[in-house]
Amino acid sequence: MRYASVVLDIATRALDEAFTYAIPPSVDEAVAVGSTVLVSFSHRAAVGYVVGLSDEPPASIDASRILAVEQVLAAPAFDEVGAQLARWMAREYACTLADAIHPLLPPGRKLRVRKAADGTWELVRDAMAPCDDRWVELTEEGASFEPKATATRQRKVMEALSVGPMRMAELGALVGGASSTIRSLEKRGAVRVFARRHMRGVSGTSLSSAAAPAPQRLTQGQTRALEAIRDARGTGAGDVVVVDGVTGSGKTEVYLQAIEEALAQGRGAIVLVPEISLTAQTVGRFRSRFGERVAVLHSRLSDGERYDQWDLVRQGVARVVVGARSALFAPLYDPGLIVIDEEHEGSYKQDGPPRYHAREVAARLAQMRGCALVLGSATPSLESIGRCAQGSWRDARWTRVEMPERPGEATLPEVVVVDMAAEFRRGGRSVFSAPLAAALLDVARSKRKAVLLHNRRGFASFVMCRECGCVPECPHCSTSLTYHERTHSLACHTCGTSWPVRAYPDPSACCPNCGSRYMGAYGVGTQRVEDELVLLFASEGLNVDVIRMDADTTRGKQAHQQLLERFDAAECAVLVGTQMIAKGLDFPEVTLVGVINADTTLKLPDFRAAERTYALLEQVAGRAGRGSLAGKVIVQTYWASHPAIQAVARHDRELFLSADLQERQVAGYPPYMRLSNVVVSGRDEPRVRAATDAIAAQIRMRVGATEGWEVLGPAECVHKRIKDRERRHVVVKAPSDAAVGELISACVRDAKVPSGVSVSIDVDARDMM
């Protein structure tokens with residue numbers, strides 16, 4: 001008889017190991033590593049995942065007392081390497097084994113047990129929406145059909161279909177409002193909608209693999225990058241290549257050619273991109289080169305459609321996986337290459353369990369699979385730069401390749417820094433400095449386009465009573481409320497609650513402290529920038545489409561894509577937005593980028609503030625001058641001498657890098673140390689305080705006087721209350737090679753946290769707020 005090591009899907013840190021179950025003959029053939037099974041545990045039914053098999057039971061256990069696997073619920077979702085990766089994630093990120101396995105499971109196929117009204121346990125399968133099996137393709141007439149210049153959606157649909165048929169659902173996820181556009185094109189005879197048998201479980205499906213031709217000539221930087229990637233693939237040891245290329249330098253073309261070479265060797269590829277950059281244009285570039293060998297995994301597809309794409313990978317039909325962070329766990333068991341584009345992005349760090357960083361998991365997976373890892377960015381993270389300087393990290397070689405030039409005639413934009421303190425002394429009181437206002441008017445008169453970045457939404461950052469100085473705060477969170485002029489409301493950007501201005505805190509008064517109606521709005525948000533811009537153009541009699549893109553205007557489904565389409569179709573337009581406009585936009589008509597206040601992120605209480613500011617400014621600056629016309633960037637700041645600002649102005653990262661690395665080394669911050677954040681929260685403040693004290697005491701007891709370790713706190717979090725839950729934390733600094741996750745996890749278990757109190761462990765934390 002065989003035996004299975006089963007990880008139980010029960011939410012508790014007490015069950016941090018696999019349990020042994022016997023495999024009866026009735027299910028023996030169906031049980032494999034990665035199978036989902038139903039077992040009995042502590043007199044209740046439980047769902048579990050098989051992570052190991054053996055022919056003999058553990059020596060310490062009486063075989064006659066071992067329970068049997070009752071039922072196989074699902075076919076294997078991962079292999080032995082996936083099981084090893086889950087164990088590593090559980091140790092590295094101080095999470096349960098079940099949490100570490102969840103990313104490996106098929107999307108939308110979650111199984112669980114729940115207690116019924118009669119006290120028995122029953123199996124529950126999540127309902128899944130049926131997949132849309134309709135496909136769309138160009139007709140013969142469609143090959144020569146030319147949409148109107150203003151028909152942006154039609155042009156995007158035609159461009160996407162030019163490389164071959166696409167599923168209706170996938171096209172709808174990538175192009176907002178695609179359904180109505182396709183109906184219109186179908187009436188004109190440009191496209192044909194047809195039903196194709198669902199691919200899941202179908203073998204021998206004819207898939208197009210016709211590739212679009214690659215550029216005939218590469219830049220020197222692109223050539224060097226490809227050579228480095230070939231070397232990394234050749235070692236089969238998980239070596240890492242950091243492609244450090246300026247914005248518009250052709251990093252995507254490097255990825256495409258490297259993937260072609262991996263496919264030619266019979267292996268696959270995984271490509272991660274930030275969710276915000278996962279557009280129809282991005283996917284189209286991969287589809288144009290690799291046809292339907294590409295599977296796309298992202299949140300805008302339904303569960304059924306995501307499962308369908310996931311299953312194509314498992315069957316071996318799709319060999320290239322493109323998606324956001326979670327695509328890393330797709331069942332592609334023989335990748336020759338893993339690519340992480342914009343690797344500096346904070347969105348690659350998971351904010352819920354398991355709190356992994358995709359870069360670190362990808363590096364581990366590359367070693368396990370024997371493939372190369374490529375990290376691409378115009379602003380690589382300091383961790384990646386530091387590892388390249390060392391030459392190796394965790395038994396893998398790290399190589400950095402620079403791509404300092406843009407292909408063709410495109411050049412880097414001119415960057416002008418405006419000192420707003422000097423502007424104020426000269427009498428300037430507008431949101432726009434004199435140079436920025438003049439540049440915006442010039443764009444409008446020339447019928448071109450501009451992008452304005454302001455990383456703060458709303459109309460005003462906060463309101464304050466002019467009589468007593470009170471600043472209204474959210475009653476559920478320790479956050480000041482932001483004023484939104486369009487809705488005349490005060491909103492909490494932490495929990496999302498909002499109130500009409502006259503209804504906070506009661507209908508008869510505005511100030512919650514003294515009742516005064518003299519409330520002033522302070523600070524600048526994107527709504528105010530939009531209003532000021534409209535007034536600026538109106539004063540000169542100019543007709544310009546002003547488009548605002550932030551979390552308020554992109555709440556609706558496909559709203560983000562629709563706003564970009566409107567910007568693309570406009571003859572002359574200005575796009576105003578938060579950091580979501582800083583990346584993924586490629587509009588050749590954009591000749592001006594303005595940054596309203598570069599200090600917004602620079603003065604946050606975060607040791608990464610300078611790095612994030614530099615990356616944000618460098619990325620948004622790269623939106624200008626991507627076509628034949630020269631670009632210009634105007635950065636407004638009250639801290640013009642800061643190294644991060646000067647580095648962007650001179651296109652010289654070393655101005656910022658040397659100063660920031662020196663400060664981090666002295667203070668003991670990454671990349672020189674590992675930083676972990678243990679957050680304790682609950683509604684009962686004394687219990688939260690007691691639990692935090694107990695955890696801190698356990699960590700200090702275990703660390704003792706070990707060199708290189710430092711325990712800070714306990715202390716209140718910067719956001720000390722969120723959604724009525726009090727928050728305190730302990731910060732742990734440890735040597736860069738320390739097994740910090742295992743130590744903190746053991747300390748939390750030993751601290752015996754009381755009921756009603758939650759503990760989240762964030763190893764290699766990015767959010768310290």
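1. Let me start with helix α7, which is mostly covered: ten of its 14 residues are buried. Those buried positions are Lys-251, Glu-253, Val-254, Tyr-255, Leu-256, Gln-257, Ala-258, Ile-259, Ala-262 and Leu-263. Keep in mind throughout that this is a predicted model.

2. The geometry of α7 checks out on a simple ruler test. The helix covers residues 251-264, and at 1.5 Å a residue its 14 residues should span 20 Å; the end C-alpha atoms are 20 Å apart, so the two agree. Just after α7 comes Gly-266, with a positive phi of about 85 degrees.

3. Staying with α7, look at Glu-253. This residue forms a salt bridge with Arg-285, and the closest N and O atoms are 3.7 Å apart. Glu-253 sits in α7 while Arg-285 belongs to helix α8 (residues 280-290), so the bridge ties together parts that are 32 residues apart in sequence. The two ends are covered to unlike degrees: Glu-253 counts as buried at 6% relative accessibility, whereas Arg-285, at 38%, is partly exposed.

4. A little further along is Ile-270, in strand β12 (residues 268-272). Its relative accessible area is 1%, and under 20% counts as buried, so Ile-270 is buried. What does Ile-270 touch, leaving aside residues up to four places away in sequence? The list is Val-321, Ala-327, Leu-328, Leu-332, Leu-337, Ile-338 and Val-339. As a distance marker, Ile-270 and Ala-491 are 221 residues apart in sequence, with their C-alpha atoms 40 Å apart in space.

5. On to salt bridges more broadly. A search of the whole structure turns up 34 of them. One I'd point you to is Arg-674 with Asp-764, where the closest N and O atoms are 2.8 Å apart. This pair links distant parts of the chain, 90 residues apart: Arg-674 is in strand β30 (residues 673-682), and Asp-764 is in the segment after β33 (757-763). Arg-674 has 4% relative accessibility and therefore counts as buried. The pair also belongs to a network of salt bridges that links Glu-92, Arg-394, Arg-674 and Asp-764.

6. For a local salt bridge, try Arg-689 and Glu-685, with closest N and O atoms 3.0 Å apart. Both residues lie in helix α20 (residues 685-703), four residues apart, or about one turn of the helix. Arg-689 counts as partly exposed at 35% relative accessibility, and Glu-685 likewise counts as partly exposed, at 28%.

7. Next, a helix pair. The axes of α18 (residues 643-650) and α19 (residues 654-667) come within 7 Å and cross at roughly 155 degrees. Are these helices roughly parallel or roughly antiparallel to each other? An angle over 145 degrees counts as roughly antiparallel, so that is the label for α18 and α19. On the α18 side the contact is made by Pro-643, Ala-644, Gln-646, Ala-647 and Arg-650, and on the α19 side by Leu-655, Phe-656 and Ala-659. Sorted by class, the contact has six nonpolar residues, one polar and one charged.

8. Two cis peptide bonds deserve a look in your viewer. The bond from Pro-353 to Pro-354 is cis, with omega near -5 degrees, and Pro-354 is in the loop between β15 (335-341) and α10 (358-369). The bond from Gly-713 to Pro-714 is also cis, with omega near 10 degrees. Pro-714 is found in a strand, namely β31 (residues 710-722).

9. Last, some backbone angles. Ser-42 has a positive phi of about 55 degrees although it is not a glycine. Where is Ser-42? It is in the loop between β3 (36-41) and β4 (44-54), and at 56% relative accessibility it counts as exposed. Lys-752 is another non-glycine residue with a positive phi, near 55 degrees. Lys-752 is in the loop between α21 (740-751) and β33, and counts as exposed at 70% relative accessibility.

How values were computed. Residues are numbered from 1 along each chain as its sequence is written. This is a predicted model: local features need pLDDT of at least 70, side-chain atom pairs count only at pLDDT 80 or more; totals for chains, interfaces and linings use all residues. Side-chain values use heavy atoms; hydrogens and water are left out. Axes are lines fitted to C-alpha atoms, for helices over the stretch in contact, and angles run from 0 to 180 degrees between N-to-C directions. Helices (H or I, at least four residues) and strands (E, at least two) are DSSP runs, numbered from the N terminus. Angles under 35 degrees count as roughly parallel, over 145 as roughly antiparallel, 65 to 115 as roughly perpendicular and the rest as oblique. Contact means heavy atoms within 4.5 Å. Ala, Val, Leu, Ile, Met, Phe, Trp, Tyr, Cys and Pro count as nonpolar, Asp, Glu, Lys and Arg as charged, and the others, Gly among them, as polar. The expected span of a helix is 1.5 Å times one less than its number of residues. Buried means under 20% relative accessible area, exposed over 50%, partly exposed in between (1.4 Å probe, protein chains only). A salt bridge is a side-chain nitrogen of Lys or Arg within 4 Å of a carboxyl oxygen of Asp or Glu.
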